[in-house]
Amino acid sequence: MKIAISKRGKNVNNLTNPNDFIFDSTFNTFKIIKTGVVSGTFAQSGFQTDETHIPHNQSTIPFVIAFCRFTDNRVGVPGTKDSAIDFWFANLYVDGTFIYFGYLNDTGADYTASFRYYIVEPILL
Amino acid sequence: MSKKLVAAKSPKNVLTETNPNNLTYSSDFGSLKYFKSGSFQVILNGSSTFPQEHKIDHNLGYFPFFTAFSDAGLNFTPLRNYPLSYMFADAGVFFNLYAYCTSSQLIFRIESSGVAGTVTVNFYYKIFRNNLNL
């Protein structure tokens, strides 16, 4: 027995292509276990990466997705930077205890940024 | 007791299962809700100037969750798609692809030291209704 909702115009009783479903309980869904925001003012450090971290409080190494809001009012994923100056959201990584937000501040001054993170299921490892 | 909708993975018991790893769906947990998806091409050549940006309107009024990919113009067989951002550098030549969102647009930015010949770069994106609240 399953729960299924088809896209408009499709007959839910005879579909097999998952692209034709809005939802099908046969397939695992993306579940947001926890989300939060990490904000800070990050000191100028020259052309070298630094990081900040928070505990994730999960029993296994979680699958984490994150975004960074830059002061130019853009939001990017790891590997992106402020469009005007050299502040990078350099990398994102996770271990059994923490989520790490890597950055690089070569702007010549402190830089304020916010990171939105999502801890999701399925687990990563 | 609040009501919820739950579907468990076979052969777990949906009435007793609490571990989200054993559920295919639970209304206890948020998920991603599609808003818009699409693709487009950018053709680069020796006359192209950098950086350049290509913008897709979403007009949601907030920063949405998004994903973006590109083949980076590499034309591999079989096709390779790279999640953005993507960076390539070799012998003084570099090629950086980024994707950002604003409260109204998804922006694709290309930075490069220059391209030889003609390069067709394909971009793919999905924008979700989920508000990043940043």
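In this predicted model, the side chains of A:Glu121 and B:Lys9 pair up in a salt bridge, with an N to O distance of 4.0 Å. That contact crosses from one chain to the other, and the count between chain A and chain B comes to two salt bridges. The wider interface brings 35 residues of chain A into contact with 32 residues of chain B. In terms of area, about 2,700 Å² is buried between chain A and chain B, and carbon and sulfur atoms give 63% of it. The size of an interface is often quoted this way, as the accessible area lost when the parts come together.

Back to A:Glu121, which also has a partner within its own chain: its side chain meets that of A:Lys31 in a salt bridge at 2.8 Å, N to O. This pair ties together distant parts of chain A, with A:Glu121 sitting in strand β10 (residues 111–121) and A:Lys31 in strand β3 (residues 31–42), 90 residues apart. How accessible are the two ends, buried or exposed? A:Glu121 has 3% relative accessibility, so it counts as buried. A:Lys31 is buried as well, with a relative accessible area of 1%; the cut-off for that label is under 20%.

Over all chains, the structure holds nine salt bridges. Side chains of opposite charge can pair when their charged atoms come close. Another case in chain A is the bridge between A:Asp86 and A:Lys81, at 3.6 Å from N to O. Here the two ends get different labels because A:Asp86, at a relative accessible area of 30%, is partly exposed, whereas A:Lys81, at 7%, is buried.

Chain B has its own example, with the side chains of B:Asp28 and B:Lys4 meeting at 2.7 Å, N to O, in a salt bridge. Again distant parts of the chain are linked: B:Asp28 lies in the loop between β2 (23–26) and β3 (34–44), B:Lys4 in the segment before β1 (6–8), and the two are 24 residues apart. B:Asp28 is partly exposed, with a relative accessible area of 49%. Some bridges also share partners, and in this way A:Arg74, B:Glu53, B:Arg109 and B:Glu111 are joined into one network.

Turning to the pockets, the largest has a volume of about 820 Å³. Its lining runs to 20 residues, and those nearest the centre are A:Phe21, A:Ile22, A:Phe23, B:Leu32 and B:Tyr34. Strand β2 (residues 21–24) of chain A is the top contributor to this lining, supplying four residues. By class, the lining of the largest pocket splits into twelve nonpolar, five polar and three charged residues.

The second largest pocket comes in at about 340 Å³. It is lined by 17 residues, with B:Phe66, B:Thr67, B:Ala68, B:Phe69 and B:Pro83 closest to its centre. Which strands supply at least two residues each to this lining? They are β5 (63–69) of chain A along with β5 (64–70) and β10 (119–131) of chain B. Of these, β5(B) has the largest share, at five residues. The lining of the second largest pocket has 14 nonpolar, two polar and one charged residues.

Notes:
Residues numbered from 1 in each chain as written. Chains lettered and ligands numbered in written order. Predicted model: local features only at pLDDT ≥ 70, side-chain atom pairs only at ≥ 80, totals over all residues. Heavy atoms only, no water. Buried < 20%, exposed > 50% of the residue type's maximum accessible area, 1.4 Å probe, protein only. 1 Å grid on protein atoms, 1.4 Å probe; cavity = no way out; pocket = protein on both sides within 12 Å on 5 of 7 lines; lining within 4 Å. Points joined across faces, edges and corners; volume = space filled by probe spheres on them. Nonpolar A, V, L, I, M, F, W, Y, C, P; charged D, E, K, R; others polar. Contact = heavy atoms within 4.5 Å. Buried area = accessible area lost by both parts, 1.4 Å probe.
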